[in-house]
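Hello,

Here is the structure I promised to pass on. Please open it next to this email; my notes follow below.

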Amino acid sequence: MTQASESTTAQRADAPASVDPLVEPRPLDGGGATAPPRRWPRSFADRLTAPLPGLRGFARFAREGKVRPSAEGLADIPHLPFEPGPLPEVDARTAAVTWAGHASWILRVAGLTVLTDPVWSRKILGTPARVTPVGVAWSALPPVDAVVISHNHYDHLDWPTLRRLPRDTPMFVPAGLGRWFTRRRFTRVTELDWWESAELKGVRFDFVPAHHWSKRSLTDTCRTLWGGWVLTDGEGQRIYFAGDTGYGHWFSEIGARYPGIDLALLPIGAYDPRWWLQDVHCDPEDAVRAAQDVGARLMAPMHWATFLLSAEPVMEPLTRLRAAWERAGLPRAALWDLPVGASRVLTA
């Protein structure tokens, strides 16, 4: 047993004693053209882990004014890790990951190229322009076989990027979000609830819970679901893309239901002020705990070094992550703290 697995076993002592078996994958495209559309609740607010901030919270946030890093915190922007390189050569039995920035990854799994929350735009609504370029040019991508979306916030669901894709690209999306895609003429849209799955060319896509929320306009708070994705290939290799999430009990359950996760892609940024963001965004220490809870053999951080969404200094997430990883006694080689644009190949 490796040091990493010993640690995760200890951390997961509170995992559920019995876990529901994985369900059979649902048909792609929401059941096909002849199947009736799935009916979802008007709101998923009952899935929230914690209440959303009220008027007092907004007033305090406005009063404190901690929206972006200070001038001192911005000084390290030139030092943010950015090392774009070519995508690795892989075969159908090899998995590889490439970080394009923020929560956008290029996953190469069982011969498929899968994009996670693809945002190739320089700027998104309500946020300053990205501080590092996209790590992989759009023209350098191989044909995209599928896209997974974690939720509908603008820094994860980016229409200017998605419109570049052929409309028959398979889309795997949270419950309630399918209509957004079909309105834009995407024809292969599979909506899933938590713990549901679908399969594409031998790769299983499972939608799993996250500690977050959804909103895209003034009137649609929590109208669509949010979550992460576990991709499992025919060789049993598993990659967990957490999407956007705070820390909480779901990680232990995900680890129990999906044992043997090889790589966890976990968010580490957009966490300050903590009182405001702790329920929806992991800080670096939370991310290390989450990696242990899910039993991941390897971890790669994301959701930092791209868009400045909160007040922490720009290099602090990486510094704190490395320190927390070392304090946890985890092998340094098991932390894939990639620069934007870099890749790693997953080996058994």
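How many of the five residues of strand β3 (residues 112-116) are buried? Five of the five are, so β3 counts as mostly covered. Before going further: this is a predicted model.

**Around β3**

In a regular strand the side chains alternate between the two faces of the sheet. In β3, L112, V114 and T116 point one way. T113 and L115 point the other way. All of these are buried.

β3 pairs with strand β2 (residues 104-109) through five bridges, and the two run antiparallel. W105 has T116 in β3 as its bridge partner. The hairpin of β2 and β3 has two residues between the strands. A110 in this hairpin takes a positive phi near 50°.

β3 also pairs with strand β4 (residues 146-148). Here there are three bridges, and the strands run parallel. T116 is bridged to V148 in β4.

**β5 and β6**

Strand β5 (residues 171-174) is joined to β6 by four bridges, in parallel. P174 has L192 in β6 as its bridge partner. Strand β6 (residues 189-192) is covered on both faces. V189 and E191 lie on one side, T190 and L192 on the other, and all are buried. Note that E191 is in that buried set.

**The six-stranded sheet**

Strands of a sheet pair through backbone hydrogen bonds, either parallel or antiparallel. One open sheet here has six strands, in the order β7-β8-β9-β10-β11-β12, with mixed pairing. Why do β7 (197-200) and β12 (298-302) each have one side without a neighbour in the sheet? They stand at the edges and have a single partner strand each, so one side of each is left free of a neighbour in the sheet. From one strand to the next, the twist averages 20°.

At the β12 edge, strand β11 (residues 263-267) runs parallel to β12, with five bridges between them. L265 stands opposite A300 in β12.

**Cores**

In soluble globular proteins, nonpolar side chains tend to be buried together. The largest nonpolar core in this model has 73 residues. W105, F205, Y240 and L266 have the most contacts inside it. What does F205 touch, leaving out residues up to four places away in sequence? Its contacts include V114, A146, V148, F172, L192, W229, V230 and L231. E196, S197, A198 and L200 are also among them. A second, separate core has 22 residues, including A100, V134, L157 and L165.

W105 and V114 also belong to the strands described above: W105 is bridged to T116, and V114 is one of the buried residues of β3.

**Aromatic rings and charges**

A search of the whole structure turns up 18 aromatic pairs. A pair of aromatic rings is described by the distance of the centres and the angle of the planes. W180 and F181 are one such pair, edge-to-face, at 4.9 Å centre to centre with 70° between the planes. Both W180 and F181 are buried. W194, W195, W226, W250 and Y258 form one aromatic cluster.

Two arginines are worth a look. R167 lies over the face of F186, 5.1 Å from the ring centre. R216 has its charged end over the ring of Y154, 3.9 Å from the centre of that ring.

**Backbone details to check**

Where is the cis peptide bond with omega near 10°? It runs from D272 to P273. P273 lies in the loop between β11 and α7 (274-277).

Two residues have a positive phi although they are not glycines. K201 has a phi of about 50°, and A305 has one of about 65°. K201 is in the loop between β7 and β8 (203-208). A305 is in the loop between β12 and α9 (316-327).

Which is buried and which is exposed, K201 or A305? K201 has 64% relative accessibility, and therefore counts as exposed. A305 has a relative accessible area of 7%, so A305 is buried.

Best wishes

Methods. Residues are numbered from 1 along each chain as its sequence is written. This is a predicted model: local features need pLDDT of at least 70, side-chain atom pairs count only at pLDDT 80 or more; totals for chains, interfaces and linings use all residues. Side-chain values use heavy atoms; hydrogens and water are left out. Two strands pair if DSSP finds at least two bridges between them. Axes are lines fitted to C-alpha atoms, for helices over the stretch in contact, and angles run from 0 to 180 degrees between N-to-C directions. A nonpolar core is a set of buried Ala, Val, Leu, Ile, Met, Phe, Trp, Tyr and Cys residues joined through side-chain atoms within 4.5 Å. Buried means under 20% relative accessible area, exposed over 50%, partly exposed in between (1.4 Å probe, protein chains only). Contact means heavy atoms within 4.5 Å. Rings of Phe, Tyr and Trp (its six-membered ring) pair if their centres lie within 6.5 Å; planes under 30 degrees apart count as stacked, over 60 as edge-to-face and the rest as tilted. A charge sits over a ring if NZ of Lys or CZ of Arg is within 6 Å of the ring centre and within 35 degrees of the ring normal.
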